[in-house]
Structure formats: C-alpha cells, structure tokens
Amino acid sequence: MIKNYFKIALRNLWKHKVFSFINITGLSIGITACFFIFMYVGFELSYDKFHSKADRIYRLVTDIKTPTETMNTGITAWPFAPNIKNDFPEVESFVRISGGSFLVRRGDVKFQEEKSAFADSTFFKVFDFKLLKGDPRTALSAPASIVFTETAAKKYFGNANPMGQTVLITGDAIPAIVTGLMKDMPENSQIKADMLISMSSLTQKFNKGLDNQWGNFGATSYLLLKPGTNPKALEAKFPGFIENHNGKERKSSQMFYTFFLEPLKSVYLYSKRGGQDSGSITNVYIFGIVAIFILLIACINFVNLTTARSVERAKEVGIRKVVGAEKSQLASQFIGESVVLCLIAFVLTILFSVLLLPLFNQLAGKTISAGVFSNWYYVLILLVTSVAIGLIAGIYPALVLSSFKPVMVLKGRFSSGNKGNALRKALVISQFSISIALIIGTIIVYTQMNFMQNRDLGFSKDQMLILDTNGDPAADAFKQAISILPGVKSTANSSSVPGGGNSGAYSEIENKKGDLQIANLDLYFVDYDYVNQFKIKMVAGRAFSREFGTDTAQAMLLNEAAVKMFGYSSPQQAVGRRFKQWGREGKIVGVMKDFHFRSLQEVIKPLSMRIELKQLGLISVKVSPQNITGTIAAIENKWKTLIPTRPFNYYFLDEFFDRQYRSEQRFGKLFFNFAVLAILISCLGLLGLASYSTLQRTREIGIRKVLGATVPGIVNMLSKDFLILVIISFFIAAPVSWFFMHKWLQDFAYRINISWWIFVLAGILAVLIALATISYQAIRAAMSNPVKSLRSE
C-alpha cells in the first residue's frame, strides 16, 4: 500500500511539473532561509555559554553619580574586584581584564597587537579558554608573562614551540616571556584577545599603585560566585563595602558608586553598558519572527496550490471512494504525497545550504557554522522540519480532498466552492501582508543606515589618514618630515579621533552660579592644529593658538553639550570661566559646536579638549585626493626611516568611523536578503495561483474573446482580483510594520522619522511585483486563440 502511495505521489508530481516545481522550490527556499536564520539566532544566543561556570560568572558594573550626571559604565575601579573577593566569602574568584594595543617584536618580526589584554592570574580558573601549553594556575602570575593564541604565536615563532621564548613589548622594548599557548578564542565569545599579558605587569611595572587607586576606572571585572550564592543578596551588601573602603574619598570627590552584577550569559545581547563585542536581542527577535514568517509563507504556498488543484483530482477521489477507499486511506495518501514533496525539498535544501553557507557567513560577518555537516543535528533538524512541514501543511489539503462526495463528483456537479476560494484569498493576503511588511522594514533600515552615513557629523573626515605612533620619541620629527610632502595638506596630533576611544576625566567646571561643579567629562588631548584640521566650528571664544603661551597649561575648550550641562543658556556665557581637571587649572577659552565624536546611536556627550603635547599618540594627516597611493608610499618611507622599530599601520578616518555601524550594516544586508526570499516565495505562490486560475477560466476567456473582449480587458479581469488582495495586504501590513520599526529605531539617538513616502513606495513596489508575477500568465491567456479553448464545447 505504501509503495502504491509512493508511486502515485511521484506520478502526480511528474504530471504537474510546473506546480511541483513551484511547490518544491518555494519550500526549499523557505526551509533554507529558516535554517540559516535558526543557525544565526542560535549562534547569537550561544555567546559565552561554552564556559562550564557561566551560570556563576557575573560582570561587575558601576553607576557613577556626580552632582551633574549619572554614568552607567561596564567597568570598575582597579581595587574593587580583589577587595570584594577578600571581603565576601560568597565570591570564589575574580578576574580583571583591560584591553590595549601593544607593539610586539621578535628579531625583525614586529606587529602591533591590537587585540591584547591585561588579565589576572585567575583568568583560566574563571573562564574555560583552552590552554594548550603552560600551567593555567601560573601562566599569568609573574610580571612580564605572556600567553599567545595559536594564530598569534605563529606570526612570531612559526611552527616552533614558543614556550619560554622572549619577545619585546611596547616601544621601550620590555622583555616578556611566553608562559602559555592557548587555543584561539571562540567566535561566540564577547571576550576577545590574541595576546594576554599578566595583570601584575600593569600593577607592578607600568602603573605601580594602581591596585590602590579607588577613583581610577578602567578594569572590566568578573566575579565567580560560589554555588548557591544569590547575586541580588550580594549586590545588597555592596553599599556597605564602598562606605568601608572608599567612604571619605567618595564624599570629598562627590562621586558616588553603585555596583550591579550582570550575568555573563546576558552581557552580549542584553547589556547597554558596552563591551568588547555586543549584539542586540531586538535583532535576534526580529530575525526569529522573519524565520517564522518565511516558513509560514512557504507552507501557505503549499496549502494554496494543493487545494487549488482540488478540482483536477476530484474524479480520482470519486472513483477511489466508489471502489471502496476509506476517507482515512485517502487522507493518508495525500499526506504521504505532501511528505514526499517535502523530502524532495529537504534534499534541495541540503544542496542550497552547502552552496550558500559561505556566502551567509560572509554576510553575517562571522563564521556561524563551518558547514552543514559539521554538526549532525543540523541535518536532523532539516529532516525533522521538512517532515513536520509535510505533515502539518498536508493535513488541510488531505482533509479537503478526501471529503469529496463521489456522487456529486462523478455527475460533474463538483466545484471548489466559495469556502475554498475564501481560504485561498485569506492565505494570499497573509502572504503579501508579511511580504509588504518586510519591504517596509527593509526601506526603513536602509534609510536609517543612509541617514547615519550621510549626516553632517560636525567635523571633516574625508581624506584623513590616521597614524598611531604610540608616543614614540621620534613622532615629532616624523610629523615635521611628512608635513612638507607634496600630497600632505596638513597634520595634527591628538590622543583621540572621532569614532575611537577617549579618556574620561574627573573635572570641576565653574557653573552659572560661580561654583565649581563636579562632572566626569570626555577628554581629548590635542595640539594647536587639531580644531582647524578637523574643521570643528567654534561658536564662542577662540580655538587654541600658539599666540597664547598659556594655552598649553591653562586653556580648555568645551562643546555645546558641556556648556548646557553646567547651566549656561548661551555658549558665550561659558567663555572665561574657571576649570580644574587632572591637576591643571585655568579658564575656558572657547566653545565648540557639537560634533559627533561617537556613534549616532549615542547622544552627543559633554566633551573637553586640552593641549597636552606629551600624550599625543595619533597623527592625523589631511592628504590631497590626487595620487593618494603615492602620498602613502612617501609617508611610509619617512616612517621606516624615523620610526623603524614599529610596523607602519594606518587607516582612513571615514572608514574607521563607519566601522561603528558594521553590525547595523550586516543586520540591514541580512534583513534585505531574507525579505527578498520571502517576496520571492510569495511570488512563486502567486504565480502558481494565477496560472491555475487562468487554466480554470480558459473557456470563459474564449467566450469573452468571441464576444469582442479586448486583450487589455481580459488582462484587467484576470489581474484585478489578485491586485485587490495585494491592496488589502498593504493596509494590514502598514500599521504593523510601523509599530515594530518605530520600536527598532528607538535604539538610535539620531534617527529618521518614518515618512509617508516609505509606505507609498512599499505599496507601489508590492503592486508592481504582483503585476509582474501575474501579467505573463494573464497576457498569455488573453492572447490565446479562442478556437482552441472552445473546441471541445
């Protein structure tokens, strides 16, 4: 019996090649897209969960409150974590991490290791990063100890054993010993480093006394709690801890700290306090919904096309019932056919997945999976999904087809009925509602991305080459040497550039009342040329100038956001006011127009600038757009002559600034591609329904043509019903998509308004896509010879 069902299923598939192709292709594309999204969502949700103690690891974060503001940070002061470990028995261990960039040399081999980090000796106790060589208990204990990843070690040692070997770090060529070799950190870790340096190197060599600096924030701290510890109960004890250790200093500085514990497994997706790598739970939800929608569209196609063909199979059902077939047998046959079709789609899905996975990894910007067959459960998931779709989507058509009455069918009085037509229309509306919502979403995402990349940032970033000298003693001579090169327009030194990191400084600024008001201000150290080089506008006072000798020690610039924070109604009122910051005192000499020194996802924060010529590691070079390659080559020659111990690395500021939006750009690309797939599947279903509708009305079309109907009139008749469904879909999709995309935009401090033209454009696109899908069949039917269609009458 089963063999017979299988033969009939294959025969029906072969007999109706076009409908079978549409069904199988739609299902294959739908399952493939859903599978890719499943892998992406699963990967995003898996961050940091590979650590065996992940349930007991918490990131210690701080709210810092001053009389001016409250800052929500993901870092702590250096003494916090070790003293918490000493004071609270609930804490089993701790580890502090501080990222950095280090020059590493071994012989003639030199690299600037951008992904470096100081880490406590407990690093491998708290986390499960695999140490291939070395003792996890002591690898990061002694000062000047280094642990390399496999990839980083090969750059310096090739395939040789690096253990016990010496490399030179920083521009001062400090010897450091390789005490460990670890496996490359997993892709799904928000903690990333190619080189770890013992924390004792920082606290005993580079910055002695750091462990006692309660007001110096710079450590990312993690606590490993003992089993059964209630993190909320531990949090409640932190205020007393702060009062005991730092109460006097805290009151005198008027900076008040509140600690919180963030579960390690929640940091990547849920934390708004930043980190080395961060994701978005909102995007995960969006992709999950898109996956369900795409699968739903594919299932709707299947149900629609199968029930639409019910008239063709009515006689088959009638004859089978007359010869004794039970309803359950017929239902089983049709469900079996559905499963067979889905199994064929499963084979195609495997093929599509194998071919498209490298492209998907590229679009996602990370290796989501090494291959479909790298995990056996991937194939199992695809198989189970295919069979489940075959069973679920096949139930309704099977019940409809098996319920036909043989008397009515064999007398020729059977029709698909109004109920069947109403259901198909409802399903088409559902399909196109989803598709139009995705079109609207795609337009909004790309409009927001375009807005962010083209908004006036308040500074010049074009043709701006950035070089990091890391404070090399020859930096000034190098700057002088390149400033006279033909392709170089101007140069400037600074500690930071827009889009990069910067210091936060405890500051006292004279407010409108004449009092020194405490605040934590973002701080740029710059030279005299920085403001002019970046074309930052001054709205009051003046920029730094060599004509004023006191500017190097007694002058400060603020931006408009800082001026407002201190209560001034106009920038002019702030000029001449006093400041104290990091041991310097002086007056505010000018106010800058607000410019975006961070991502447009953040509001412009209060910023201060001071001249500090000894702490300027970055050189910004404004180059001529002509012969940029030649100019860079000339700059590199000067670098190799004057700073030979460092590798020549550079980047362009516009590209560097736009890197902040990489995750949004990837989201936009993925969203666009999945939206296209959803629309494609919907169009396949619409094409199938249009083809079948046209086939069913062949005689009607012939009669209309004989009676004088024109080709445009017939095309209009065949297209009208479908277009009405698309228009209804638009009015359903528009408010729903507005609600969800409006919510998505709230993550951006600077965002577009969702304009009416977006919905008009989406509606026009939907109508055009629907017309393009059904027009071929409609025109073909309208231009057919009526003699052929009426020959049998």
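Q: What percentage of the 793 residues of the protein chain count as buried?
A: The model is predicted: local features need pLDDT of at least 70, side-chain atom pairs count only at pLDDT 80 or more, and totals for chains, interfaces and linings use all residues. Residues are numbered from 1 along each chain as its sequence is written, and side-chain values use heavy atoms, with hydrogens and water left out. Buried means under 20% relative accessible area, exposed over 50%, and partly exposed in between, with a 1.4 Å probe and protein chains only. Of the 793 residues, the share that counts as buried is 52%.

Q: How many helices and strands are there in the protein chain?
A: The C-alpha trace of the chain spans about 105 × 60 × 55 Å along its principal axes. Helices (H or I, at least four residues) and strands (E, at least two) are DSSP runs numbered from the N terminus. The protein chain has 26 helices and 23 strands.

Q: Among contacts in the protein chain with a separation of 6 or more, what percentage is accounted for by residues 24 or more positions apart?
A: A contact means heavy atoms within 4.5 Å. With contacts at a separation of 6 or more taken as the whole, residues 24 or more positions apart account for 79%.

Q: Are helix 24 and helix 25 roughly parallel or roughly antiparallel?
A: Two packed helices are described by the angle between their axes and the distance between the axes. Axes are lines fitted to C-alpha atoms, for helices over the stretch in contact, and angles run from 0 to 180 degrees between N-to-C directions; under 35 degrees counts as roughly parallel, over 145 as roughly antiparallel, 65 to 115 as roughly perpendicular, and the rest as oblique. Helix 24 (residues 711–745) and helix 25 (residues 756–782) pack at an angle of about 155°, with axes 9 Å apart. Helix 24 is therefore, with respect to helix 25, roughly antiparallel.

Q: How many nonpolar, polar and charged residues does the contact of helix 24 with helix 25 have?
A: Helix 24 passes helix 25 in a right-handed crossing; a crossing is right-handed if the near helix is turned clockwise from the far one by less than a right angle, and left-handed if anticlockwise. Helix 24 contributes residues including V711, F722 and W738, and helix 25 contributes residues including F759, G763 and I774. Ala, Val, Leu, Ile, Met, Phe, Trp, Tyr, Cys and Pro count as nonpolar, Asp, Glu, Lys and Arg as charged, and the others, Gly among them, as polar. By class, the contact has 20 nonpolar, three polar and no charged residues.

Q: How do the residues of the contact of helix 16 with helix 20 divide into nonpolar, polar and charged?
A: The axes of helix 16 (residues 475–483) and helix 20 (residues 628–642) come within 10 Å and cross at roughly 150°, which means that helix 16 is roughly antiparallel to helix 20. Helix 16 passes helix 20 in a right-handed crossing. A477, F478, A481 and I482 of helix 16 meet I635, K638, W639 and L642 of helix 20. These residues divide into seven nonpolar, no polar and one charged.

Q: Which backbone nitrogen does the side chain of S599 reach?
A: S599 lies in the loop between strand 20 (584–592) and strand 21 (607–611) and is buried, with a relative accessible area of 7%. Leaving aside neighbours within four places in sequence, S599 is in contact with Q660 and Y661. A polar contact is a pair of N or O atoms within 3.5 Å; within protein, one must be able to donate a hydrogen and the other to accept it, and residues adjacent in sequence count only if both atoms are side-chain atoms. At 3.0 Å, the side chain of S599 reaches the backbone nitrogen of Q601.

Q: At what distance does the side chain of H51 reach the backbone nitrogen of D128?
A: H51 is placed in the loop between helix 2 (17–45) and strand 1 (57–65), and counts as buried at 3% relative accessibility. Apart from neighbours within four places in sequence, H51 is in contact with F127, D128, F129 and L264. The side chain of H51 reaches the backbone nitrogen of D128 at 2.9 Å.

Q: How far apart in space are A77 and D211, C-alpha to C-alpha?
A: A77 is in strand 3 (residues 76–77) and is buried, with a relative accessible area of 0%. Not counting residues up to four places away in sequence, A77 touches Q213, W214, N216 and F217. A77 and D211 are 134 residues apart in sequence, and their C-alpha distance in space is 8.6 Å.

Q: Is A173 buried or partly exposed?
A: Phi of A173 is near 55°, a positive value in a residue other than glycine. A173 lies in the loop between strand 8 (166–169) and strand 9 (174–182). At 27% relative accessibility, A173 counts as partly exposed.
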